[in-house]
Amino acid sequence: MRSTGMRALVASLAAVAFLCASFAAFAQNAEQKPAEKPQSGEAKEPPKKLDEFAEAEKLLPGPAGNPECLWLGRRVVSLLWRDDLDTAFRHLDLYDRFGCPGGHIQATFRCLVRQGSFDPKATDTLNARVHACWLNPTGAMQGTAAVPSGTSNR
């Protein structure tokens with residue numbers, strides 16, 4: 001009988017310790033939520049996106065400058081770079097459905113490949129390179145040896 005009482009006491013103490021830890025974690029999370037609010041840099045991000053779309057519409061004639069083509073196209077090129085071919089092809093199907101130019105994907109990816117490798121963990125570098133190549137697939141190559149554009153794979 002004595003061991004049963006001791007087991008009940010230990011179980012009760014463990015339950016109280018668990019509840020105290022849970023309440024402490026909950027209180028800590030409740031206190032941190034107001035601290036997250038000042039990080040309203042997200043409110044500044046949409047104007048940047050709008051600027052990127054406006055810039056693309058100014059620099060790229062035709063559908064390659066359309067926001068939907070820019071959004072999907074950059075994702076396709078980024079996914080191709082990261083060897084996520086299944087997802088890239090699904091995005092490419094949507095890209096084609098919107099009437100976006102497939103040749104622009106090829107030119108942008110060629111520009112990206114010619115720039116060479118970089119730190120794969122630096123996503124900002126990849127996104128910046130893809131955007132620069134999207135806006136100017138041939139001009140982003142200045143300073144590197146370019147393959148003549150008249151060649152084809154066919």
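**View 1. Cys69 and Cys100 are both buried.** The model shown here is predicted. A disulfide joins Cys69 to Cys100, with 1.9 Å from S to S. Such a bond is covalent and links the sulfur atoms of two cysteines. Cys69 sits in helix 3, while Cys100 sits in the loop between helix 4 and helix 5, so the pair ties together parts that are 31 residues apart in sequence. About the S-S bond of Cys69 and Cys100 the torsion is about -85°, so this disulfide is left-handed.

**View 2. A disulfide links Cys111 and Cys133.** The sulfur atoms of Cys111 and Cys133 are 2.1 Å apart. Cys111 belongs to helix 5 and Cys133 to helix 6, so the bond ties together parts that are 22 residues apart in sequence. The link of Cys111 and Cys133 is left-handed, with -65° about the S-S bond. Cys111 has 1% relative accessibility and counts as buried. Cys133 is buried too, because its relative accessible area is 0%, under the 20% limit for buried residues. The search of the whole structure finds 2 disulfides. Counting bonded cysteines along the chain, their pattern is 1-2, 3-4.

**View 3. Helix 3 runs from residue 67 to residue 81.** Helix 3 has 15 residues. At 1.5 Å a residue they should span 21 Å, and the end C-alpha atoms are 21 Å apart, which agrees. Many names appear on the buried list of helix 3, including Leu70, Leu72, Gly73 and Arg74. Further along helix 3, Val76, Val77, Ser78, Leu79 and Leu80 are also among the buried residues. Cys69, the disulfide partner of Cys100, is on the buried list of helix 3 as well.

**View 4. Asp83 follows just after helix 3.** This residue lies in the loop between helix 3 and helix 4. Asp83 is not a glycine, yet its phi is positive, about 60°. Is Asp83 buried or exposed? Its relative accessibility is 63%, so Asp83 counts as exposed; the cut-off for exposed is over 50%.

**View 5. The largest nonpolar core has 21 residues.** Tyr95, Ile105 and Trp134 have the most contacts inside this core. Five helices each supply at least two of the core residues: helix 2 (45–59), helix 3, helix 4 (85–97), helix 5 (102–115) and helix 6 (123–135). Helix 3 gives the largest share, 7 residues.

**View 6. Trp134 touches residues from several stretches of the chain.** Neighbours up to four places away in sequence are not counted here. Among the residues that Trp134 touches are Leu60 and Ala64. From helix 3, Cys69, Leu70, Gly73 and Arg74 are also touched by Trp134. The list for Trp134 further holds Tyr95, His104, Ile105 and Thr108. Tyr95 and Ile105 join Trp134 as the residues with the most contacts inside the largest nonpolar core.

**View 7. Helix 5 has 14 residues.** From its first C-alpha to its last, helix 5 reaches 21 Å, close to the 20 Å expected at 1.5 Å a residue. Which residues of helix 5 are buried? They are His104, Ile105, Thr108, Cys111 and Leu112. These residues cover an arc of only 130° around the axis, which puts them on the same side of helix 5. Just after helix 5, Gly116 takes a positive phi of about 90°.

**View 8. Thr108 has its place in helix 5.** With 0% relative accessibility, Thr108 counts as buried. The side chain of Thr108 reaches the backbone oxygen of His104 at 2.7 Å. Leaving aside neighbours within four places in sequence, Thr108 is in contact with Val77, Val130, Cys133, Trp134 and Pro137. Of these, Cys133 is the disulfide partner of Cys111, and Val77 is a buried residue of helix 3.

**View 9. Gly102 is placed in helix 5.** Gly102 is partly exposed, with a relative accessible area of 40%. Along the chain, Gly102 and Ala64 are 38 residues apart. Their C-alpha atoms are separated by 9.1 Å. Ala64 is also one of the residues that Trp134 touches.

Terms used. Residues are numbered from 1 along each chain as its sequence is written. This is a predicted model: local features need pLDDT of at least 70, side-chain atom pairs count only at pLDDT 80 or more; totals for chains, interfaces and linings use all residues. Side-chain values use heavy atoms; hydrogens and water are left out. Helices (H or I, at least four residues) and strands (E, at least two) are DSSP runs, numbered from the N terminus. The expected span of a helix is 1.5 Å times one less than its number of residues. Buried means under 20% relative accessible area, exposed over 50%, partly exposed in between (1.4 Å probe, protein chains only). A nonpolar core is a set of buried Ala, Val, Leu, Ile, Met, Phe, Trp, Tyr and Cys residues joined through side-chain atoms within 4.5 Å. Contact means heavy atoms within 4.5 Å. A polar contact is a pair of N or O atoms within 3.5 Å; within protein, one must be able to donate a hydrogen and the other to accept it, and residues adjacent in sequence count only if both atoms are side-chain atoms. The arc is that of the directions from the helix axis to the C-beta atoms. A disulfide is a pair of cysteine sulfur atoms within 2.5 Å.
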